[in-house]
Amino acid sequence: MSFDIEKIRSLFPVLHQEVHGNPLIYFDNAATTQKPQAVLDALTTYYNHDNSNIHRGAHALADRATRYFEETRETLKDFINSKEAAEIIFTKGTTESINLVAATFGRKFIGKGDEIIISTLEHHSNIVPWQMLCEEKEAVLKIIPITESGEIIYEEFEKLLSSNTKFVSIVHASNALGTINPVQKIINAAHAVGAKVLLDGAQSTSHLEIDVQKLDCDFLAFSAHKLYGPTGLGVLYGKREILESMPPFQGGGEMIKEVSFEKTTYNEIPFKFEAGTPNIADVIAFKSALDFINLLGKKDIKAHEDELLAYANERMSEIKGFIPVGTAPEKVSVLSFNINEMHPYDVGMMLDANGIAVRTGHHCTQPLMKRLGLEGTVRASFAVYNSKSEIDKLADGVSRIARIKNK
Ligand code: C6P
């Protein structure tokens, strides 16, 4: 099915503006997606009609806010097919979700000499929390190497696995290159040695159908703002029995059952991990973003984005001096590239002058850039509201920039 792009674009107010005298072309979707009107409306409706704290008040507004808040949790349960809504924990974002697991599961279950495996493709958010844990616990961080095309070398991963492996934390789809990792194989192999697996789903959940029960991952971390939802909100999925075995992350209201100065007992999951007043408005508005994705369907979204990526590759490879970075066959809609010896930032600035928004630099993946021998890349990342005519403008802009350089 092909989308009515104009109709979809009409749902996103921010897209209808000029930047430096040109119509905005927004290709920075891997950093954050734009928000449909329904999400903006849900935010104002909440503050205009329902604003209240949740799970506590004995009044109508608190009841309503609590119901809407928990409806988002239920929607997320279906969105990733978790067994129960209680396995969905709200956090600030992917970064906090991973930190939560490292600080609770990690501190309790990982000790001296234990090994944690990550890959060269990881975002800093899936490197630093594990480094901090390894430093504290004298555990060992092992890194899966990658090929020139930006794919993990699976055989090397198998070689790293042993009875010492306690945890594998791996990105599902790379933010810098778009590579989709063979996560099912990774999860099965990690489980075979008794290790737990966390998937960093920051870049996969908006493009790929996710079934946590089928994948059998132990944790999944992702951010609402990359799913057409609000910023400052993330999700941590965890299997019930594992979440129950973990100590709380932060102490405060909501996460307790009973407090006395002698002893505190903790609430059931998910509340045990949600200390303090949560991000109520954004959680409620996130449901509208999920409804938007569900209405279009992930399968069709992926098909549309694959078509855009293939078209972008085709158009850009005609340009002299275009160097694609990350050429794995299985990718989400991320096109990373460089132009001859031009600095990515300069390319980004010139594209911006044409109203084209891309990200440039190391994309919070410095070890990956080091492995590829690059300072950074220019990254165009596509979403459901992007079109081939926008890609034509990108190709024209890049072509002009490359000509300046080639002169
Ligand atoms: N990547 C990008 O431009 P937060 O910031 O917590 O919402 O997400 C962190 C994160 C973790 N893992 C991956 C794979 C990611 O892509 C990101 C965020 C953005 O690529 C901002 S650096």
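**Exercise 1. Work out which residues come nearest to the ligand and how the shell around the ligand splits by class.**

Step 1: of the 18 residues around the ligand, the nearest are Thr95, Asp200, Gln203, Ser223 and Arg359; a residue is near a molecule if one of its heavy atoms lies within 4 Å of it. A quick note on the setup: this is a predicted model, where local features need pLDDT of at least 70, side-chain atom pairs count only at pLDDT 80 or more, and totals for chains, interfaces and linings use all residues. Residues are numbered from 1 along each chain as its sequence is written, and side-chain values use heavy atoms, with hydrogens and water left out.

Step 2: sort the shell by class, and you get five nonpolar, nine polar and four charged residues. Here Ala, Val, Leu, Ile, Met, Phe, Trp, Tyr, Cys and Pro count as nonpolar, Asp, Glu, Lys and Arg as charged, and the others, Gly among them, as polar.

**Exercise 2. Find the polar contacts of the ligand with threonine 94, lysine 226 and arginine 379.**

Step 1: fix the cut-off. A polar contact is a pair of N or O atoms within 3.5 Å; within protein, one must be able to donate a hydrogen and the other to accept it, and residues adjacent in sequence count only if both atoms are side-chain atoms.

Step 2: go through the pairs.
- Threonine 94 puts a polar backbone atom 3.3 Å from a ligand oxygen.
- Lysine 226 has a side-chain N or O atom 2.9 Å from a ligand nitrogen.
- Arginine 379 brings a polar side-chain atom to 2.8 Å from a ligand oxygen.

Step 3: check the cover. On its own the ligand exposes 510 Å², and the protein buries 87% of that (Shrake-Rupley method, 1.4 Å probe).

**Exercise 3. Explain why the ligand is said to lie between domain 1 and domain 2.**

Step 1: split the protein into domain 1 (5-30 + 297-406) and domain 2 (40-294); the bounds come from an automatic or database domain assignment.

Step 2: look at the pair. Their centres, taken over C-alpha atoms, are 28 Å apart. The contact (heavy atoms within 4.5 Å) takes 37 residues from domain 1 and 33 residues from domain 2.

Step 3: both domains give residues to the shell around the ligand, so the ligand lies between them.

**Exercise 4. Decide whether serine 206 and serine 97 are buried or exposed, and list what they touch.**

Step 1: buried means under 20% relative accessible area, exposed over 50%, and partly exposed in between (1.4 Å probe, protein chains only).

Step 2: serine 206 sits in the loop between strand S8 (196-200) and helix H8 (212-215). Serine 206 is buried because its relative accessible area is 6%. Leaving out residues up to four places away in sequence, serine 206 touches Lys226, Leu227, Lys298 and Ile301. The side chains of serine 206 and histidine 207 also share a polar contact of 3.3 Å.

Step 3: serine 97 belongs to helix H4 (residues 94-109) and is buried, at 0%. The serine 97 side chain reaches the backbone oxygen of valine 235 at 2.9 Å. With the sequence filter of up to four places, serine 97 touches Thr91, Ala221, Val235 and Leu236.

**Exercise 5. Find where the cis peptide bond sits.**

Step 1: the bond joins isoleucine 269 and proline 270, with omega about 5°.

Step 2: proline 270 lies in the loop between strand S12 (264-266) and helix H10 (280-296). Helices (H or I, at least four residues) and strands (E, at least two) are DSSP runs, numbered from the N terminus.
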